[in-house]
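Welcome, and take a moment to look over the sequence and the model before reading on. We will start at one residue and work from there.

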Amino acid sequence: MNVEFESLEKGQEVATRTVELSRADLVRYAAASGDFNPIHWNEPFATSVGLPNVIAHGMLTMGAAMQVVVDWAGDPAAVTDVQTRFTKPVVVPNAFGAEVEPSTTLSISAKVGALDPEARTARIDLTVTAPDLSDPGVARDAAPALKVLVKAQAVVVCR
């Protein structure tokens with residue numbers, strides 16, 4: 001437990017991060033997780049089942065978001081509860097030049113949502129967005145941001 005409870009205020013932003021993702025990242029995650037569902041790597045299959053393109057694994061998205069909290073807390077054991085709802089897929093178009101390039105970005109913001117003085121815990125609320133790349137004609141920089149997780153929260157024990 002590295003976070004001092006008295007230093008926190010409700011609404012305080014405690015961390016932000018952007019995480020770029022490429023198709024290669026999805027293949028690596030599939031190998032690590034054992035989740036080889038073709039919607040995460042095979043564009044013709046993904047579109048045949050109604051998706052706009054290949055999509056990132058939900059647990060990859062959630063893991064990236066929660067890593068922000070773990071890094072801020074300074075101790076993985078300080079995070080005692082995690083929850084979220086998956087609302088929109090993170091579309092990961094194929095992009096490559098000489099090498100595979102990132103084609104989408106997760107934007108993550110963590111704020112103190114609630115404080116429990118008796119338990120000395122902080123509920124950290126996360127806002128996680130990605131560009132809406134469901135239209136292949138829209139550039140990543142011009143695409144509106146979509147909330148891809150809602151009610152993304154973690155409880156952190158403080159000192």
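R120 counts as partly exposed because its relative accessibility is 27%; here buried means under 20% relative accessible area, exposed over 50%, and partly exposed in between, with a 1.4 Å probe and protein chains only. This is a predicted model, in which local features need pLDDT of at least 70 and side-chain atom pairs count only at pLDDT 80 or more, while totals for chains, interfaces and linings use all residues. Residues are numbered from 1 along each chain as its sequence is written, and side-chain values use heavy atoms, with hydrogens and water left out.

You can find R120 in the loop between β3 and β4; helices (H or I, at least four residues) and strands (E, at least two) are DSSP runs numbered from the N terminus. The phi angle of R120 is near 55°, a positive value in a residue other than glycine. K151, in strand β5, also has a positive phi, near 50°, and is not a glycine. With 54% relative accessibility, K151 counts as exposed.

Follow the chain to the loop between β4 and β5 and you meet D141. Its relative accessibility is 77%, so D141 counts as exposed. Between D141 and A77 there are 37 Å in space, C-alpha to C-alpha, and 64 residues in sequence.

Now let us turn to the interior. In soluble globular proteins, nonpolar side chains tend to be buried together. A nonpolar core is a set of buried Ala, Val, Leu, Ile, Met, Phe, Trp, Tyr and Cys residues joined through side-chain atoms within 4.5 Å. The largest one here has 39 residues, and W72, L106, I108 and I124 touch the most other members. At least two residues each come from β1 (13-21), α3 (58-73), β3 (104-116), β4 (121-131) and β5 (145-157). The largest share, 10 residues, is supplied by α3.

Which residues does L106 touch, leaving aside those up to four places away in sequence? Among them are R17, V19, L21, A64, V90, A130 and V148, where contact means heavy atoms within 4.5 Å. A second, separate core has 5 residues, including I39, I55, V91 and L133.

L133 appears again at the largest pocket, where L133, P93, S103, P136 and V138 lie nearest the centre among 13 lining residues. By class, this lining has 7 nonpolar, 3 polar and 3 charged residues; Ala, Val, Leu, Ile, Met, Phe, Trp, Tyr, Cys and Pro count as nonpolar, Asp, Glu, Lys and Arg as charged, and the others, Gly among them, as polar. On a 1 Å grid over the protein atoms alone, a pocket is an open set of points where a 1.4 Å probe fits, with protein on both sides within 12 Å along at least five of seven lines, and lining residues have an atom within 4 Å of a point.
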